[in-house]
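The following paragraphs are an explanation of one structure, to be read alongside its sequence and coordinates. They proceed from a metal site to internal cavities and then to selected loop residues.

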Amino acid sequence: MPPLRKLVLFTAVCGALAIPAFSAPQAQPIGPGLYAYISDNDSSANSTFLVGEKGILVVDTGLNQQEGAQLLHAIREVSALPVQYIVNTHYHPDHQGGNSAVGPNATVISTGWTREHTVAMLNSLPASERGRFRPADLTFQQRITIHLEPYEADIYFPGKAHTSGDALVYFPHQKTIAMGDLFLNRSSPAMDQGSAKNWIEALDDVLKLPIEHVVPGHFELATKAELARFRNYLNDLYQQVYAMTEKGATLEQVKQGIHMQSYQDFRQYPKFEATFADNAATIYRQIKEQK
Ligand SMILES: [Zn+2]
């Protein structure tokens, strides 16, 4: 979730916290061979893992070594098979900081864009902080399917959204999708270099799929109805900002003029620039850039 510029402080704060193993979340079974791991730390992403006959595929690994170790512990409660694949939905550290802990020998998969930004991020970190990251071994541009017999995972780039290189992971046998930060349950999202307009279209495409469970990037496991509500939030906000921008409103007028009463239960995180006003400002800038 956090934009890059927050990384250093974020790592300093969260890296110092030792979390007792006994408080770790458990994996929740959500379909044949498939589990959701809902983090108990708002600053560390959720994960999803699929257990096949010979190995395991994990989507996102949490913020750091401790979070990755907790996730691996939850995986080991279910299966002793090797972690063969890790999919990182995007480059933010809270989604891939546990890569080394969860799968030191796994094949790491991401979009090419995510790999480029991960490498750039690593080059900006002190050498002592780089070890927990493992940039992708295998990258793709549009779509790749992993056959983890007897199941499969369809990994695809939905176009620019939360970042310019997100990946979504759809599990057709289990009618489940792992959304990365394209979806936070009952929360305003952080918006990196992406596209709110295409983000809404990407969510519309997801909502056409047969889906019973939705694993959000953060917060509680969701239903399709909750995903639809998040889509409606983004769309309402986009339409309001667009209408005001067409009338020549300034950024400040847009921030003051939005009406989000229908979404008062959405979490607001000013420290991650994840509030109604922050989202409105990002949308305003994107609309201006398109003109
Ligand atoms: Zn993110």
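**The zinc site and its surroundings**

His92 and His162 are both buried; in this predicted model, each of the two has a relative accessible area under 20%. The two histidines belong to the set of residues that coordinate the zinc ion, which consists of His90 (NE2), His92 (ND1), His162 (NE2) and Asp181 (OD), at 2.2 to 2.3 Å. His92 and His162 lie 70 residues apart and link distant parts of the chain. His92 is in the loop between strand 5 (83-87) and helix 3 (93-96), whereas His162 is in the loop between strand 9 (151-156) and strand 10 (168-171). Along the sequence, the donor residues follow the spacing H-x1-H-x69-H-x18-D.

Which geometry does the site of the zinc ion have, given the angles among its four donor atoms? Those angles run from 91 to 164°, and the site is irregular. A tetrahedral assignment would require all angles to lie between 85 and 135 degrees, so the upper end of the range, 164°, rules it out.

The loop between strand 9 and strand 10 also holds Phe157. Beyond its neighbours within four places in sequence, Phe157 is in contact with Thr111, Phe140, Gln141, Gln142, Ser164, Gly165 and Asp166. Ala274 is 117 residues away from Phe157 in sequence, and the C-alpha atoms of the two are 23 Å apart.

The interior contains two cavities of 30 Å³ or more. The largest cavity encloses about 50 Å³ of space. Its lining is formed by Asn46, Ser47, Thr48, Val59, Asp60, Thr89, Ala178, Gly180, Val215, Pro216 and Gly217. By class, these lining residues comprise four nonpolar, six polar and one charged.

The second largest cavity has a volume of about 30 Å³. Asn88, Gln96, Val108, Ser110, Thr114, Arg115, Thr118, Arg134, Pro135 and Ala136 line this cavity. Which element gives the most to the lining of the second largest cavity? Helix 5 does, with three residues. Strand 6 (107-111) and helix 5 (112-123) are each the source of at least two lining residues. The lining of the second largest cavity divides into three nonpolar, five polar and two charged residues.

Several loop residues complete the picture. Pro32 is placed in the loop between strand 1 (28-31) and strand 2 (34-37). With a relative accessible area of 45%, Pro32 counts as partly exposed. Leaving out residues up to four places away in sequence, Pro32 touches Leu50, Tyr151 and Gln174. The C-alpha atom of Pro32 is separated by 24 Å from that of Asn99, which lies 67 residues apart from Pro32 along the chain.

A second proline, Pro150, is in the loop between strand 8 (143-148) and strand 9. The peptide bond from Glu149 to Pro150 is cis, with omega near 5°.

Positive phi values are found at two residues other than glycine, Arg186 and Glu273. Arg186, with phi near 50°, is in the loop between strand 11 (176-178) and helix 6 (196-207). Glu273, with phi near 55°, is in the loop between helix 8 (251-257) and helix 9 (276-290). Are these residues buried, partly exposed or exposed? Arg186 is partly exposed, because its relative accessibility is 31%. Glu273 is likewise partly exposed, with a relative accessible area of 31%.

Methods: Residues numbered from 1 in each chain as written. Predicted model: local features only at pLDDT ≥ 70, side-chain atom pairs only at ≥ 80, totals over all residues. Heavy atoms only, no water. 1 Å grid on protein atoms, 1.4 Å probe; cavity = no way out; pocket = protein on both sides within 12 Å on 5 of 7 lines; lining within 4 Å. Points joined across faces, edges and corners; volume = space filled by probe spheres on them. Nonpolar A, V, L, I, M, F, W, Y, C, P; charged D, E, K, R; others polar. Helix = DSSP H or I, 4+ residues; strand = E, 2+ residues; numbered from the N terminus. Donors = N, O, S within 2.8 Å, 3.2 Å for Na, K, Ca; no water. Tetrahedral: all angles 85-135°; square planar, octahedral: opposite > 155°, others 65-115°. Buried < 20%, exposed > 50% of the residue type's maximum accessible area, 1.4 Å probe, protein only. Contact = heavy atoms within 4.5 Å.
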